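Biologist: Please go through the model with me, and justify each term as it comes up.

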Amino acid sequence: YLPEIDGGSPVLVTEDFLQSISHKIEELRPHRRRKESFVCLTAKVAILHDDHTPSDSLVFEIKPKWGFLPSCPLIPKDSPKLKISRFQLLQYTKFQTGVIKSISNYDPLDLFSGNRDRITKAGDSLFENPQGNLKLFRNQQLIEFNKDCLQLRDQLCNLIIDQLSDSILKRLLNIQKLD
């Protein structure tokens, strides 16, 4: 969470520099992402962002996903889209096509609900099966999920409940609803 958004600074880049970056990051990216996109080696400008993480820190990276159900009058009244979150519908599709091995119990509707029990349920579900929607970093190093992370789960849920649900998540939800 940054109180101010870091828009980055434009810098001139060369093809050699971009080639070097590409070699360093490509193997770290998931295979399916490598199929979808790549570093554009012909770009002349890149955006440089500062690292805002203190060296002695614990960082949670959450991809909250879509936090509401649609209310479009064009959607049939019996459509699952009006009862099941977009994320959960995609989970079933991904599971049936073999993209994921198990369906996550995470539901963005819980995270955005403002209800302590539902937010805790969302946090628990993200820890059980993060699928890239939750990452943990301690001292700028990615932490692997295991049973030792249970204490961190409680910290995350408390952070969301006490500091984020009434401000950041509500603003994000309002922005999502503009789409």
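Modeller: A fair place to start is the packing of α3: its buried residues pack against α4, where contact means heavy atoms within 4.5 Å. This is a predicted model, in which local features need pLDDT of at least 70 and side-chain atom pairs pLDDT 80 or more, while totals for chains, interfaces and linings use all residues. Residues are numbered from 1 along each chain as its sequence is written, and side-chain values use heavy atoms, without hydrogens and water.

Biologist: Which residues of α3 are buried, and what makes them one face of the helix?

Modeller: In α3 (residues 86-96) they are F87, Q88 and Q91. Buried means under 20% relative accessible area, exposed over 50%, and partly exposed in between (1.4 Å probe, protein chains only). Seen down the axis of α3, these residues fall within an arc of 95°, so they line one face; the arc is that of the directions from the helix axis to the C-beta atoms. Just after α3, G98 has a positive phi of about 80°.

Biologist: What makes the buried residues of α7 lie on the same side?

Modeller: The buried residues of α7 (residues 168-176) are L169, L173 and Q176. Their arc around the axis is only 60°, which puts them on the same side of α7. An α-helix has 3.6 residues a turn, so residues three or four places apart point the same way. The face of α7 turned away from the buried side carries exposed R171 and I175. The cover over the buried residues of α7 includes α4 (108-111) and α6 (150-164).

Biologist: How many helices and strands does the protein have, and how are they defined?

Modeller: There are seven helices and five strands, in the order β-α-α-β-β-α-α-α-β-β-α-α along the sequence. Both are DSSP runs numbered from the N terminus: H or I of at least four residues for helices, E of at least two for strands.

Biologist: Why is E26 called buried?

Modeller: E26 has a relative accessible area of 16%, which is under the 20% limit and therefore counts as buried. E26 is in the loop between α1 and α2 (31-36). Leaving out residues up to four places away in sequence, E26 touches R34, F38 and V39.

Biologist: Why is F17 called partly exposed, and which residues form a nonpolar patch with F17?

Modeller: F17, in α1 (residues 15-25), has a relative accessible area of 43%, which lies between 20% and 50% and so counts as partly exposed. F17, I21 and I25 form the patch, with about 230 Å² of accessible area together (Shrake-Rupley method, 1.4 Å probe, only the protein chains shown counting as cover for residues). Patch residues have over 30% relative accessible area and no salt bridge; like charges are joined within 9 Å, and nonpolar side chains (Val, Leu, Ile, Met, Phe, Trp, Tyr) within 5 Å. A salt bridge is a side-chain nitrogen of Lys or Arg within 4 Å of a carboxyl oxygen of Asp or Glu.

Biologist: What makes a set of residues a nonpolar core, and how many residues has the largest one?

Modeller: A core is a set of buried Ala, Val, Leu, Ile, Met, Phe, Trp, Tyr and Cys residues joined through side-chain atoms within 4.5 Å. The largest has 21 residues, with the most contacts inside it made by L111, F127, L136, L152 and I160. At least two residues of this core come from each of α5 (116-128), β4 (134-138), α6 and α7; α6 gives the most, with five. Beyond four places in sequence, L136 is in contact with residues including V59, F60, F127 and L152.
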